[in-house]
Amino acid sequence: MSAINLTKGGFERRVATIESIKEGWKFLGDKPAIIDFYASWCGPCQRLMPTIEEIASEYEGKVDIYKVNVDEEEELATLFNIRSVPTLIFIPMEGDPIRTMGALPKAQFVENISELLGVK
């Protein structure tokens with residue numbers, strides 16, 4: 001399986017409603033998730049894409065992997081206060097999302113999934 005491109009509508013069905021985020025985080029997913037905020041013109045984002053796809057395949061059924069193009073989904077980028085790309089948002093089943101910035105090497109990505117999301 002590959003990473004899923006998210007629009008605002010998909011975000012509100014799969015992750016959280018915009019209104020709930022303003023009132024306090026209420027995650028809608030049934031498994032932990034990662035959102036990759038990227039831009040098509042961003043070199044580090046392009047280098048990270050194969051890793052994102054590998055992680056999506058390797059963690060299929062355990063972690064939902066989403067991608068948000070910041071140029072096409074400005075409202076979502078603003079909602080998460082995205083100032084640079086790539087930015088990854090790790091969403092555990094309980095608790096608030098955790099932000100990391102920059103293109104992580106795969107080993108660090110896997111370590112973050114284990115530590116931040118509790119998924120082995």
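Which side chains meet in a salt bridge at 3.2 Å, N to O? They are the side chains of Glu-75 and Lys-8, shown in the second of the legends below. The model is predicted: local features need pLDDT of at least 70, side-chain atom pairs count only at pLDDT 80 or more, and totals for chains, interfaces and linings use all residues. Residues are numbered from 1 along each chain as its sequence is written, and side-chain values use heavy atoms, with hydrogens and water left out.

**Figure 1. Overall fold of the chain.** Five helices and five strands make up the secondary structure (DSSP runs numbered from the N terminus, with helices being H or I of at least four residues and strands E of at least two). Their order from the N terminus is β-α-α-β-α-β-α-β-β-α. The C-alpha atoms occupy a box of roughly 35 × 30 × 20 Å along the principal axes. Of the 120 residues, 48% are buried (under 20% relative accessible area, with exposed over 50% and partly exposed in between, for a 1.4 Å probe and protein chains only).

**Figure 2. The salt bridge between Glu-75 and Lys-8.** A salt bridge is a side-chain nitrogen of Lys or Arg within 4 Å of a carboxyl oxygen of Asp or Glu. In this view the side chains of Glu-75 and Lys-8 meet at 3.2 Å, N to O. The pair links distant parts of the chain, 67 residues apart, with Glu-75 in helix H4 (residues 74–79) and Lys-8 in helix H1 (residues 8–14). Glu-75 counts as partly exposed because its relative accessibility is 39%; Lys-8, at 32%, also counts as partly exposed.

**Figure 3. The salt bridge between Lys-31 and Asp-64.** The closest N and O atoms of this pair are 3.7 Å apart. Lys-31 lies in the loop between helix H2 (18–23) and strand E2 (33–38), and Asp-64 in strand E3 (residues 64–69), so the contact ties together parts that are 33 residues apart in sequence. Both Lys-31 and Asp-64 are buried.

**Figure 4. The salt bridge between Glu-58 and Lys-106, and a network.** The side chains of Glu-58 and Lys-106 meet at 2.6 Å, N to O. Glu-58 belongs to helix H3 (residues 43–58) and Lys-106 to helix H5 (residues 106–117), so the pair ties together parts that are 48 residues apart in sequence. Glu-58 is partly exposed at 44% relative accessibility, as is Lys-106 at 27%. Elsewhere, salt bridges that share partners join Asp-30, Lys-31 and Asp-64 into one network. A search of the whole structure finds seven salt bridges.
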